[in-house]
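Here are my notes on the charged pairs in this model, with one further residue at the end. Please read them with the structure open.

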Amino acid sequence: MTIPATTSVAIVGAGPAGLTAAISLADAGIDFVLLDRQAEGANTSRAAVVHARTLEVLDGFGIAAELHDLGIEVPRFVVQDGGSRLATIDFGGLPTAFPYTLMVGQETTEAVLLARLRKAGGDVHRPYRVTAVHDDGTGVTVEYADAAGASGTLRADYVIGADGMHSVVREQAGIGFTGATYPESFVLADVRMDWLHAREEVSLNLSPEGVTVVAPLPDENGDRYRVVATVAEAPEHPDLADVQAILDARRPGAVVREVLWSSRFRVHHRVAEHYRAGRILLAGDAAHVHSPAGGQGMNTGIQDAAVLGALLARVLGGAPEALLNDYEKTRRPVAADVVAFTDRMTRMATLRPRPARIVRNAVLRTATRVPAVRRTLAYRLSELANR
């Protein structure tokens with residue numbers, strides 16, 4: 001596809017947030033250009049949890065049912081310390097049409113979003129790397145380069161930076177990204193294995209060696225799982241022996257038979273100082289990054305983009321531009337809260353001194369015996385408070 005010289009909205013980054021923003025604009029009849037530096041299908045960022053609030057947002061686009069049929073319903077979240085169960089959080093009683101967590105790979109979520117975008121008449125321009133963004137007050141000039149290095153420019157009324165943690169758009173806008181990095185590295189692996197729990201549960205396993213999350217993934221054989229674990233220093237591509245050793249130390253009895261995909265990563269907890277700088281706005285990981293505890297990241301980004309797309313459509317349809325200030329007012333506090341919540345979860349889960357772990361376990365057991373506490377945690381994890 002040829003990139004036009006001008007557009008109403010340039011969206012940089014075609015992950016879940018960028019695709020959601022594009023769908024919202026396409027449905028409103030707003031012209032846009034969506035640029036992504038990756039070839040199609042090359043995204044290796046692998047979020048796998050879709051929460052109830054996100055499903056409500058996607059239902060507004062008519063795709064929640066399709067995504068549901070490609071995933072697996074998981075109605076419970078359990079916390080273990082070794083073989084001892086500390087807490088069970090049940091999503092079944094949530095006030096929503098989607099009282100569960102949906103486990104589905106990010107590549108599937110992106111494919112469903114892309115198909116919906118194409119149905120609305122839009123598409124993604126790939127692979128184009130944005131190199132500079134200039135806001136002169138009357139519009140924004142986006143400079144880009146294609147895979148061969150040939151450069152071009154695009155003039156837009158507004159730009160959405162949905163280009164991830166290392167956002168060029170955010171840096172070019174001069175928006176700070178405050179926070180820090182956790183000392184541990186993380187192993188991420190999709191495996192086939194014999195697990196110890198039902199496939200209706202996401203299991204958070206606590207141990208002195210670190211925290212390990214095991215979640216079922218959709219698969220006709222019923223033996224595919226996502227494993228996320230903190231380690232002092234993860235290998236670049238964890239293999240079967242690496243994953244098996246982690247589980248042997250932290251949740252003995254699981255048998256890993258195949259590693260389908262693996263990676264390592266470090267986790268940051270950061271929030272953009274502002275979500276808007278003139279005609280430039282941020283969404284998704286460009287605006288906030290945090291611990292994977294609770295699977296909040298991609299969900300928060302999709303919700304960001306749905307709100308922002310709707311606001312931009314109204315402004316481009318004639319509403320006052322000051323309406324865009326509502327985006328930061330409503331969405332940045334949500335991100336700050338998510339970062340704080342996931343940080344507390346991560347620090348609680350990675351406690352190593354035995355006295356601290358004993359106290360933590362006792363508090364978890366006692367608190368989650370109270371039905372109101374369990375309901376509050378389920379409501380929080382599901383992001384229904386973001387309505």
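1. Terms come first. Buried means under 20% relative accessible area, exposed means over 50%, and partly exposed lies in between (1.4 Å probe, protein chains only). The model is predicted: local features need pLDDT of at least 70, side-chain atom pairs count only at pLDDT 80 or more, and totals for chains, interfaces and linings use all residues. Residues are numbered from 1 along each chain as its sequence is written, and side-chain values use heavy atoms, with hydrogens and water left out.

2. How many salt bridges are there in the whole structure? The search finds 22. A salt bridge here is a side-chain nitrogen of Lys or Arg within 4 Å of a carboxyl oxygen of Asp or Glu. Side chains of opposite charge can pair when their charged atoms come close.

3. Take R357 and D81. Their closest N and O atoms are 3.7 Å apart, and they form a salt bridge. The pair links distant parts of the chain: R357 lies in helix α9 (residues 354-367), D81 in strand β5 (residues 76-81), with their positions 276 residues apart. Helices (H or I, at least four residues) and strands (E, at least two) are DSSP runs, numbered from the N terminus. R357 is buried at 12% relative accessible area. D81 is buried too, at 15%.

4. R224 pairs with D190. This salt bridge has its closest N and O atoms 3.6 Å apart. It also links distant parts of the chain, 34 residues apart: R224 is in strand β14 (residues 224-231) and D190 in strand β11 (residues 177-194). R224 is buried, with a relative accessible area of 18%. D190 is buried at 2%.

5. D343 and R347 form a salt bridge within one helix, α8 (residues 325-349). The closest N and O atoms are 3.0 Å apart. The two residues are four apart in sequence, so about one helical turn separates them. Is D343 buried or exposed? D343 is buried, at 16% relative accessibility. R347 is partly exposed, at 45%.

6. Some salt bridges share partners. They join R192, D194, D219, D223, R257 and E258 into one network.

7. Lastly, V130. This residue sits in strand β8 (residues 128-135) and is buried, at 8% relative accessibility. Leaving aside neighbours within four places in sequence, V130 is in contact (heavy atoms within 4.5 Å) with V12, L35, V142, E143, Y144 and V168. V130 and D163 are 33 residues apart in sequence and 9.4 Å apart in space, C-alpha to C-alpha.
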